[in-house]
Amino acid sequence: MKRLLPLIFIALFLLPPAAFAQTPADGAAIFQEKCTGCHTIGGGNLAGPDLQGVTTLRDADWLTRWISQPDKMLANGDPVATQLLAEFNNVPMPNLGLTEAEVASLLAYLENPAAVAGGATAKPLPPGDISRGQAIYLGQQALANGGPACSSCHSVGQFGLLGGGTLGPDLTHAAFKYGDPGLAASLQSLPFPTMQGVFKNSPLTLQEAADLNAFLIDQDLHAAPQQADTLFVVIGLVGSLGLLAAGHFTWRKRQNGGIRQSLINKSRQA
Ligand code: HEC
Ligand code: HEC
């Protein structure tokens, strides 16, 4: 038996990778968890393109590289990726840290999504409430599953003026950037790498996603993003006027006194 062990190990390594999980069903589960925030298959575009038929549109090698490391392909200026980025409002697809086996099962699923009954999609949201969304955003209403308040990492509209989180991007126009069904879908799974770590075990409820969606759409429509700038201009103006005044009082006797006066006196005496 002892002699057989190394042989068993070698045999395991020699098995074709296909012997491990790569079925459309595994792919569907991964797709549901990590991709439905930004993609549908046959349900139209969200923040990212509808992926129906994508395996005939692009070759398997390109798809594998893209799904594994979209950030790298964008950074390297891959022409297809660069054009897609421009078409999709400059929302970059994030690197989701998938393993080779996960990417392979995703490809198997994308190739044959019909093989999985029901498919994988984001759910439709119930109607949302703007003021409840605001309370949730600011952390005045605690999240049901215990996630942190959005405002600890984000600013939006006038919320976050001189404060508010800066780890995440400003969300004032997130509703515009992600589009109408796009934002609603992405709020359901929060498919952003930094947030996944925090929200994976404390996801938003559908109602919370709906309320935040309503709040962010309202911010996009009504927030005055230049308010922050205006406030800083005012602070700047008041500040410099104050300095001028202080300078005036400090040095107002200067023309008639000090070194200058003594120089004048000296030249008169000469
Ligand atoms: C945060 C949103 C987001 C998530 C999450 C996301 N994608 Fe994307 N995806 C995009 C965007 C946006 C594009 C278009 C290119 C770009 O802008 O970077 C894209 C493009 C693609 C493309 C190329 C489509 C084409 O027409 O060639 C494929 C394939 C793809 N994504 C698969 C996936 C898979 C599989 C997952 C889950 C593992 C996933 N995406 C997760 C946003 C996302
Ligand atoms: C721990 C910090 C943190 C918390 C808490 C957080 N986010 Fe984020 N969020 C980020 C970061 C960082 C990004 C940028 C993408 C990335 O790095 O994952 C982001 C990206 C986003 C985006 C995409 C914005 C864009 O312009 O592309 C949206 C929408 C978003 N967050 C919504 C929310 C909502 C809604 C909440 C509250 C339920 C929330 N976030 C809570 C850190 C956070």
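**The shell and iron site of ligand 2**

The shell around ligand 2 comprises 16 nonpolar, 4 polar and 1 charged residues. This is a predicted model, in which local features need pLDDT of at least 70 and side-chain atom pairs count only at pLDDT 80 or more. Residues are numbered from 1 along each chain as its sequence is written.

Q: What makes His154 and Met195 the protein donors of the iron atom of ligand 2?
A: His154 (NE2) and Met195 (SD) lie 2.0 to 2.1 Å from the iron atom. Donors are N, O and S atoms within 2.8 Å of the metal (3.2 Å for Na, K and Ca), so both atoms qualify.

Q: Why is the arrangement around the iron atom of ligand 2 called octahedral?
A: The 6 donor atoms subtend angles of 84 to 179°, which makes the arrangement octahedral. Six donors count as octahedral if opposite donors are over 155 degrees apart and all others between 65 and 115. Ideal angles for six octahedral donors are 90 or 180 degrees.

Q: Why does His154 count as buried?
A: His154 has 10% relative accessibility. Buried means under 20% relative accessible area (1.4 Å probe, protein chains only), so His154 counts as buried.

Q: What makes the pairs from ligand 2 to Lys177 and Tyr178 polar contacts?
A: A polar contact is a pair of N or O atoms within 3.5 Å. An oxygen atom of ligand 2 is 2.8 Å from a side-chain N or O atom of Lys177, and an oxygen atom of ligand 2 is 2.6 Å from one of Tyr178; both pairs therefore meet the definition.

Methods: Chains are lettered from A and ligands numbered from 1 in the order in which they are written. Side-chain values use heavy atoms; hydrogens and water are left out. Four donors count as tetrahedral if all angles lie between 85 and 135 degrees; four count as square planar and six as octahedral if opposite donors are over 155 degrees apart and all others between 65 and 115; anything else is irregular. Buried means under 20% relative accessible area, exposed over 50%, partly exposed in between (1.4 Å probe, protein chains only). A polar contact is a pair of N or O atoms within 3.5 Å; within protein, one must be able to donate a hydrogen and the other to accept it, and residues adjacent in sequence count only if both atoms are side-chain atoms. Ala, Val, Leu, Ile, Met, Phe, Trp, Tyr, Cys and Pro count as nonpolar, Asp, Glu, Lys and Arg as charged, and the others, Gly among them, as polar.
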